[in-house]
Amino acid sequence: MSITPPGRIRVLIADDQRVVREGLGMLVSLIDEVEVVGSASNGAEAVRLAEAHHPDVILMDLRMPDVDGVAATADLRQRLPGARVLVLTTYADDAAIMSALRAGAAGYLTKDASAEEIETAIRAVHAGQTHLDPAVQARLVAAVTGAGADPDAAAGPDAGVGPDAGAGPDAGARSGTGSGLGAGSGAPPDGLTAREAEVLTLLASGLSNTEIAQRLFLSNATVKTHINRIFAKTGARDRAQAVRYAYQHGMATPAP
């Protein structure tokens with residue numbers, strides 16, 4: 001086993017497509033303080049390499065030959081409970097999401113995630129948080145509220161969401177995704193991206209740029225860029241107008 005400098009995040013990649021493994025390997029290796037320690041082409045190999053290299057985070061595809069990602073995740077939860085599985089897959093249907101989370105995945109992204117989103121998710125799950133793609137989070141909310149999901153999927157808001165996802169009013173804040181849109185809302189208005197909507201919601205809650213950066217695992221410069229884009233898309237001239245816009249569009253809730 002190679003020796004990793006203290007503070008670095010060790011990542012194992014599991015995907016049955018070689019081009020995806022190599023592409024992810026290049027992308028992840030460019031992230032500061034992150035090291036790729038191995039790559040696997042199926043779930044069985046992922047478990048074997050994880051036991052050999054003890055990664056902190058495992059990027060796990062779901063549909064793989066022999067042993068799939070769900071089975072591998074469940075196996076790893078028993079063998080290496082300290083390793084955090086971050087699902088990265090093409091599939092975002094209810095069955096795939098619930099199966100992965102119940103198996104013990106700490107995060108779930110789809111393969112259209114940006115490099116920034118992948119970095120954010122890796123750092124979040126490594127920090128012990130649960131990180132869900134906004135579209136995945138929306139499907140879980142729909143399942144919990146009974147909007148189009150099967151009764152089994154609606155067992156509870158924290159059913160199977162990782163070994164220490166936890167429940168309670170601050171669970172969303174720990175996940176790095178709890179700041180999303182108001183209940184029942186669809187796509188963000190005026191062309192805002194999901195990330196811009198998250199930033200706007202946190203801004204409306206009174207957080208500073210530095211606090212938003214810490215909450216979302218972003219740099220201050222990236223947060224400033226998001227806020228400038230929010231201003232441009234919403235027509236806001238300053239933070240006060242942006243806050244008013246957030247309340248008008250149901251993207252913020254007054255404190256009780």
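**Entry 1: helices α2 and α3**

I began with the handedness of one helix pair and found that α2 and α3 cross in a right-handed manner. I note at the outset that the model is predicted. I then looked up the geometry of this pair: helix α2 spans residues 43-53 and helix α3 spans residues 69-79, and their axes come within 9 Å, crossing at roughly 20°. Because angles under 35 degrees count as roughly parallel, I recorded α2 as roughly parallel to α3.

Next I listed the residues that form the contact. From α2 I noted G43, V47, A50 and E51, and from α3 I noted A72, D75, L76 and R79. Sorted by class, the contact of α2 with α3 has four nonpolar, one polar and three charged residues.

**Entry 2: helices α8 and α9**

I turned to helix α8 and to helix α9, the latter covering residues 209-216; their axes come within 10 Å and cross at roughly 130°. The two helices, α8 and α9, are therefore oblique to each other. I entered the crossing of α8 and α9 as right-handed.

On the α8 side, I found R195, E198, V199, L202 and L203 in the contact, and on the α9 side I found I212, R215 and L216. The contact of α8 with α9 divides into five nonpolar, no polar and three charged residues.

**Entry 3: helices α8 and α10**

I then examined α8 with another partner. Helix α8 (residues 194-204) packs against helix α10 (residues 220-234) at an angle of about 95°, and their axes are 10 Å apart. I therefore recorded α8 as roughly perpendicular to α10.

Which residues meet here? I listed R195, E196, V199, L200 and L203 in α8, which meet H226, I227, R229, I230 and K233 in α10. By class, I counted five nonpolar, one polar and four charged residues in the contact of α8 with α10.

I also compared the two lists for α8. R195, V199 and L203 appear in the contact with α9, and R195, V199 and L203 appear in the contact with α10 as well.

**Entry 4: aromatic rings**

Finally, I looked up the aromatic rings. How many aromatic pairs does the structure hold? I found zero aromatic pairs. I did find a charge placed over a ring: R63 lies over the face of Y91, at 3.8 Å from the ring centre.

Conventions. Residues are numbered from 1 along each chain as its sequence is written. This is a predicted model: local features need pLDDT of at least 70, side-chain atom pairs count only at pLDDT 80 or more; totals for chains, interfaces and linings use all residues. Side-chain values use heavy atoms; hydrogens and water are left out. Axes are lines fitted to C-alpha atoms, for helices over the stretch in contact, and angles run from 0 to 180 degrees between N-to-C directions. Helices (H or I, at least four residues) and strands (E, at least two) are DSSP runs, numbered from the N terminus. Angles under 35 degrees count as roughly parallel, over 145 as roughly antiparallel, 65 to 115 as roughly perpendicular and the rest as oblique. A crossing is left-handed if the near helix is turned anticlockwise from the far one by less than a right angle, and right-handed if clockwise. Contact means heavy atoms within 4.5 Å. Ala, Val, Leu, Ile, Met, Phe, Trp, Tyr, Cys and Pro count as nonpolar, Asp, Glu, Lys and Arg as charged, and the others, Gly among them, as polar. Rings of Phe, Tyr and Trp (its six-membered ring) pair if their centres lie within 6.5 Å; planes under 30 degrees apart count as stacked, over 60 as edge-to-face and the rest as tilted. A charge sits over a ring if NZ of Lys or CZ of Arg is within 6 Å of the ring centre and within 35 degrees of the ring normal.
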